[in-house]
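User: Please take a close look at one part of this protein for me, namely the largest pocket and the helix packing that goes with its lining. I would also like to see how other packed helices and enclosed spaces in the same model are described.

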Amino acid sequence: MSASPEEQERPEPRVGPEPDAEPEFQPYHHPAAGWGAAKSVTRFMAREGALVDGPRAIMKMNHENTGFDCPGCAWPDDTKGLHLDICENGIKHVTWEMTRKRVDREFFATHSVTELSGWSDYDLENQGRLTEPMVYDPDTDHYTPVSWKDAFELVGRTLRELDSPHQASFYTSGRLGNEATFLYQLMARELGTNNLPDCSNMCHEASGRALQAALGTGKGTVDLKDWETTDALFIMGVNVASNAPRMLTALSEAHHRGAKIVHINPLVEAGATRAIIPHDFKDMATFHSTRTSTLNLQPRIGGDMALVRGMAKAILEQSDSDPKALDREFIERHTAGFEEYRARCEATPWDEIELQSGISRAGILEAARVYREADRSIISWCLGLTQHEHGVDTVREIVNLLLLRGNLGREGAGPSPVRGHSNVQGNRTCGIDHRPTEEFLDRLAKTCEIEPPREHGLDTIGTIQAMHRGDVKVFVGMGGNFALAAPDTPYTYEALSRCELTVQVSTKLNRSHVVHGRRALILPCLGRTEKDDQRNGVQSTSVEDSMSMVHLSVGMKRPASSHLLSEPAIVAGMARAALPGSETPWEWYIEDYDRIRDTMAQALDGFEDFNRRVRLPLGFRIKQPARELVFLTPSGRAEFSTAELPDVLPEPGMLALGTMRSHDQWNTTIYSDNDRYRGVKNLRTLVFMNQDDMRERGISKFDPVDITSTAKDGSRRHLDGYLAIPYDIPRGCAAGYMPEMNVLCALGDYSTQSDQPIMKHVKVTITPAGG
């Protein structure tokens with residue numbers, strides 16, 4: 001019998017790379033990037049033994065038609081031919097992949113899974129690259145070597161023996177290239193299921209649904225050239241210096257040309273103040289920093305929608321005396337629902353806007369003034385806005401504000417969501433969608449001559465729930481670290497352990513290999529830095545960045561092991577074993593990825609003439625109808641929304657807690673226990689708090705505290721002995737690191753608008769430890 005949520009024990013906190021070091025905290029007041037980043041990168045490459053190979057890779061990263069695309073974030077490549085369009089986290093990501101450390105059969109013979117499950121997440125990944133396929137032996141509690149043929153046969157046999165294809169679920173992380181993505185979804189749909197959860201279900205699902213409803217497209221409409229010409233940038237819920245460091249270049253250039261930059265985030269992050277761009281050698285030599293903001297506003301957690309509503313209300317009020325405050329011609333020709341939205345804004349009182357946003361009316365009016373005085377504006381956002389109950393409504397409110405001044409369909413203007421992982425947007429474009437459209441399925445059926453299922457499949461939350469019930473018996477994870485990335489850690493662990501078979505396609509050892517089903521496979525794949533040599537020569541793969549540019553990525557390094565397969569080859573091997581009668585030419589596809597792209601060109605809208613266009617300098621941009629003022633909505637127009645403001649105030653005695661990454665971390669990969677831009681060293685088990693909230697609770701700096709979350713169903717989850725850090729964060733708010741704090745996020749607490757887990761607005765109480 002499983003334990004109730006109240007009785008479940010949290011996993012042991014991880015032990016970092018320097019477990020005996022004393023924690024330190026000193027507020028950071030220096031520019032982002034610059035020499036701090038250079039020193040950090042040098043130390044990291046030295047630690048990983050990559051002082052020679054690292055720089056060689058860096059010099060080819062993101063070059064036109066050469067080298068490989070950074071496997072880190074999804075920020076677009078520079079449009080001006082910049083050869084050092086790199087960042088600290090990108091270099092770390094590449095160096096981490098190129099490590100000389102290996103996890104081979106001797107390692108698994110030495111260490112049981114029970115032993116490994118007690119290791120820290122840092123120590124698991126720090127063992128190095130996986131070298132050959134492994135299968136779990138329950139009799140010995142060890143992973144043992146298995147041939148690729150036998151591994152594929154185990155997957156195929158287990159899938160064939162299921163009572164229903166819906167008893168399998170196929171997860172995708174954002175690292176998967178477009179070609180492997182297309183084959184992966186094709187395999188799942190030929191098997192007969194749309195159970196295709198992905199990391200977007202946990203990150204930007206709200207953005208896609210909101211933009212689809214408002215504009216008829218699930219993506220942003222701007223490109224990097226728009227960032228280079230806009231008059232005003234509004235950056236919301238984004239820690240720029242850590243989440244999209246190459247954005248710092250765009251912000252610095254915007255400042256130099258006189259554009260206004262407004263950062264809206266509960267924490268004033270380092271990237272929202274000033275920066276030294278590492279490839280600007282003059283500034284590096286003179287320590288000259290550039291401002292990256294004009295205005296910083298700190299709303300309470302969840303208060304962004306109220307702030308944007310206030311900006312819209314200010315613009316509408318100003319339009320009574322200033323006819324140029326609104327773009328009336330645009331509104332009349334291209335939008336629907338304007339009068340209803342105007343009425344909603346008029347009915348929303350200023351005191352409610354101030355209360356819910358946590359921002360004074362004067363602060364909101366200042367942001368509205370910047371917006372009003374700009375001829376062209378871009379609003380950009382990340383997970384700080386989406387991982388809430390009202391994430392869809394918030395993104396739609398952003399679109400409302402843009403529509404008021406016609407900031408759509410012209411250069412330098414529009415919505416611009418910041419995607420995280422390098423190809424998370426491409427995964428969705430190429431078919432990883434548990435709710436596929438009929439148009440997509442019809443085209444896939446015609447092109448690939450299959451009969452894809454029509455009913456919706458399971459997303460991430462649904463998959464975890466179904467595994468826990470026993471309804472999903474096979475889980476395949478294509479990249480990522482699902483066990484650690486998902487919410488409600490003990491519940492997710494138990495769900496995975498109930499599967500008949502778990503399959504993890506990975507480059508390095510991680511938590512998802514030691515939290516497994518009754519049978520388990522580790523299938524090691526090539527990294528993006530490595531040569532993918534197939535029958536017709538070295539292959540390239542494509543990715544789509546966060547602004548819909550599709551370009552090729554070619555590895556350069558010799559593979560870490562001769563036993564590694566590419567992700568497309570692994571998908572094809574599983575598919576052939578699971579679908580022995582399939583007429584899909586799986587092996588033929590793997591001989592030459594151009595063949596996959598030719599099929600994709602027929603099956604995917606916007607990929608016409610794929611092979612030629614993807615080889616153009618910088619690749620090609622997928623068409624965006626809304627950018628051309630073509631709106632695929634029921635009304636054929638851009639649609640205003642009229643949602644009421646949510647009540648985001650914490651209940652008396654409670655705080656709203658948001659989970660986030662440290663700077664020395666990429667997704668669930670933790671490089672160290674340091675967070676340079678927040679002034680933290682040797683500590684991850686911490687919680688950032690407002691000083692007044694600490695004083696009210698009798699808590700001082702570095703005091704151990706107990707954190708308890710309360711879910712919608714009343715159940716509670718606990719983290720004990722975390723250290724409190726006083727920080728510049730609004731009253732009633734707190735923050736700490738994922739994945740450790742995912743324990744506090746109840747699986748049942750997901751947005752009714754997007755089905756995303758609510759990981760940025762967790763209701764908690766924080767008390768002195770043992771109190």
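Analyst: What follows begins with the largest pocket, passes to the helices and then turns to a cavity and two local backbone features.

This is a predicted model, and every value below is computed from it. The largest pocket holds about 1,200 Å³ of space. Its lining consists of 33 residues, and those closest to the centre of the pocket are Gln212, Gly218, Lys219, Asp433 and Thr437. Three elements each give two or more residues to this lining, namely α9 (205–215), α21 (424–429) and α22 (438–448). Sorted by class, the lining of the largest pocket has eight nonpolar residues, 14 polar ones and 11 charged ones.

Helix α9, which contributes to that lining, also packs against helix α20 (residues 391–404), at an angle of about 45 degrees and with the two axes 8 Å apart. An angle of that value makes α9 oblique to α20, and the crossing of these two helices is right-handed. On the α9 side the contact is made by Ala206, Ser207, Arg209, Ala210, Leu211, Ala213, Ala214 and Leu215, while α20 brings Gly391, Val392, Val395, Arg396 and Val399. By class, the contact of α9 with α20 divides into nine nonpolar, two polar and two charged residues.

Two further helix pairs can be set beside this one. Two packed helices are described by the angle between their axes and the distance between the axes. For helix α8 (residues 178–191) and helix α27 (residues 567–578), the angle is about 15 degrees and the axes lie 9 Å apart. Because angles under 35 degrees count as roughly parallel, α8 and α27 are roughly parallel to each other, and their crossing is left-handed. In this contact Ala180, Leu183, Tyr184, Met187 and Leu191 of α8 meet Glu567, Pro568, Val571, Met574, Ala575 and Ala578 of α27. By class, the contact of α8 with α27 has 10 nonpolar residues, no polar ones and one charged one.

Helix α14 (residues 304–318) and helix α16 (residues 338–347) pack at an angle of about 105 degrees, again described with a distance between axes, here 9 Å. These two helices, α14 and α16, are therefore roughly perpendicular to each other. From α14 the contact takes Arg309, Ala312, Lys313 and Leu316, and from α16 it takes Phe338, Tyr341, Arg342, Arg344, Cys345 and Glu346. The class count for the contact of α14 with α16 is five nonpolar, no polar and five charged residues.

As for enclosed space, the count comes to six cavities of 30 Å³ or more. The second largest cavity holds about 210 Å³ of space, and of the 17 residues that line it, Gly527, Arg528, Asp532, Thr541 and Glu567 lie nearest its centre. Glu567 is also one of the residues of α27 that meet α8. By class, the lining of the second largest cavity has four nonpolar, eight polar and five charged residues.

Two features of the backbone complete the picture. The peptide bond that runs from Met738 to Pro739 is cis, with omega near 5 degrees, and Pro739 is found in the loop between β32 (733–737) and β33 (762–768). Asp141, a residue other than glycine, has a positive phi, near 60 degrees, and its place is in the loop between β5 (134–137) and β6 (142–145).

Note on methods: Residues are numbered from 1 along each chain as its sequence is written. This is a predicted model: local features need pLDDT of at least 70, side-chain atom pairs count only at pLDDT 80 or more; totals for chains, interfaces and linings use all residues. Side-chain values use heavy atoms; hydrogens and water are left out. Axes are lines fitted to C-alpha atoms, for helices over the stretch in contact, and angles run from 0 to 180 degrees between N-to-C directions. Helices (H or I, at least four residues) and strands (E, at least two) are DSSP runs, numbered from the N terminus. Angles under 35 degrees count as roughly parallel, over 145 as roughly antiparallel, 65 to 115 as roughly perpendicular and the rest as oblique. A crossing is left-handed if the near helix is turned anticlockwise from the far one by less than a right angle, and right-handed if clockwise. Contact means heavy atoms within 4.5 Å. Ala, Val, Leu, Ile, Met, Phe, Trp, Tyr, Cys and Pro count as nonpolar, Asp, Glu, Lys and Arg as charged, and the others, Gly among them, as polar. On a 1 Å grid over the protein atoms alone, a cavity is a set of points where a 1.4 Å probe fits but cannot get out, and a pocket is an open set with protein on both sides within 12 Å along at least five of seven lines; lining residues have an atom within 4 Å of a point. Grid points are joined across faces, edges and corners, and a volume is the space filled by probe spheres set on the points.
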